[in-house]
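Here is a short set of questions and answers to read next to the picture. Take them in order and check each one as you go.

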Amino acid sequence: MTGAVDRAECGVRWCEEAGEHWTHRLYLASIPVVAGRWSLGVTIARPGAEATAVELTAMARRGTPVMVHLTTREAQQLAAAMNDAVKRVHRLIGRGI
Ligand SMILES: [Zn+2]
């Protein structure tokens with residue numbers, strides 16, 4: 001793996017990744033969902049020399065994680081959509097629907 005670095009040699013101040021790694025990561029949240037059968041993670045990630053992005057990880061308890069890299073704009077759009085969905089659910093519950 002070209003460019004892999006060891007944590008001790010990693011020059012990225014905010015990186016929490018251990019061992020040899022290509023993608024620098026700062027782990028922010030890990031949220032159990034679907035009665036604990038899935039986990040959603042939010043991480044700041046910078047793969048090699050690429051742009052720093054928000055990484056959304058979905059992982060089933062016994063599965064391979066699916067990681068989606070989002071630009072900061074895309075992450076803001078997703079956050080806004082999630083907030084909007086929560087507000088709509090609360091309004092629907094308020095109407096007894
Ligand atoms: Zn690193």
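**Walking through the model**

Q: Which residue of strand 2 stands opposite Ser30?
A: First, some ground rules: this is a predicted model, where local features need pLDDT of at least 70, side-chain atom pairs count only at pLDDT 80 or more, and totals for chains, interfaces and linings use all residues. Residues are numbered from 1 along each chain as its sequence is written. Strand 1 and strand 2 (residues 38-47) run antiparallel and are joined by 10 bridges; strands are DSSP runs of E, at least two residues, and helices are runs of H or I, at least four, both numbered from the N terminus. The partner of Ser30 in strand 2 is Gly41.

Q: In what order do the strands of the open sheet lie?
A: The open sheet has 4 strands with antiparallel pairing, and two strands count as paired if DSSP finds at least two bridges between them. The edges are strand 1 (23-33) and strand 4 (66-70), each pairing on one side only. Reading across, the order is 1-2-3-4.

Q: By how many degrees are neighbouring strands of this sheet turned against each other on average?
A: Axes here are lines fitted to C-alpha atoms, for helices over the stretch in contact, and angles run from 0 to 180 degrees between N-to-C directions. For this sheet's neighbouring strands, with direction ignored, the average is 20°.

Q: Is Ala35 buried or exposed?
A: Ala35 is in the loop between strand 1 and strand 2, and its phi is positive, near 55°. Val34 is found in that loop too, with a positive phi near 50°. A residue is buried if 20 or more other C-beta atoms lie within 10 Å of its own, exposed if 12 or fewer, and partly exposed in between, with C-beta atoms placed from the backbone. Because Ala35 has 6 other C-beta atoms within 10 Å, it counts as exposed.

Q: Which residue in the turn between strand 2 and strand 3 has a positive phi?
A: Strand 2 and strand 3 (residues 53-60) pair in the antiparallel sense over 8 bridges, with Ile44 opposite Val54. They form a hairpin with 5 residues between them. At about 55°, the positive phi in that turn belongs to Gly48.

Q: Which residue of strand 4 stands opposite Glu55?
A: A hairpin leads from strand 3 to strand 4 through 5 residues. These strands pair in the antiparallel sense over 5 bridges. Across from Glu55 in strand 4 is His69.

Q: How many residues of helix 1 are buried?
A: Helix 1 (residues 72-94) has 23 residues and reaches 33 Å from its first C-alpha to its last, close to the 33 Å expected. That expected span is 1.5 Å times one less than the number of residues. The helix lies largely in the open, because the number of its residues that are buried is 0.

Q: Which residue just after helix 1 takes a positive phi?
A: Most residues other than glycine have a negative phi. Just after helix 1, the positive phi of about 75° belongs to Gly96.

Q: Is Leu26 exposed or partly exposed?
A: Leu26 is found in strand 1. Not counting residues up to four places away in sequence, Leu26 touches Trp14, Cys15, Glu16, Thr43 and Ile44, where contact means C-beta atoms, placed from the backbone, within 7 Å. Because Leu26 has 17 C-beta neighbours inside 10 Å, it counts as partly exposed.

Technical notes. Two residues are in contact if their C-beta atoms, placed from the backbone, lie within 7 Å.
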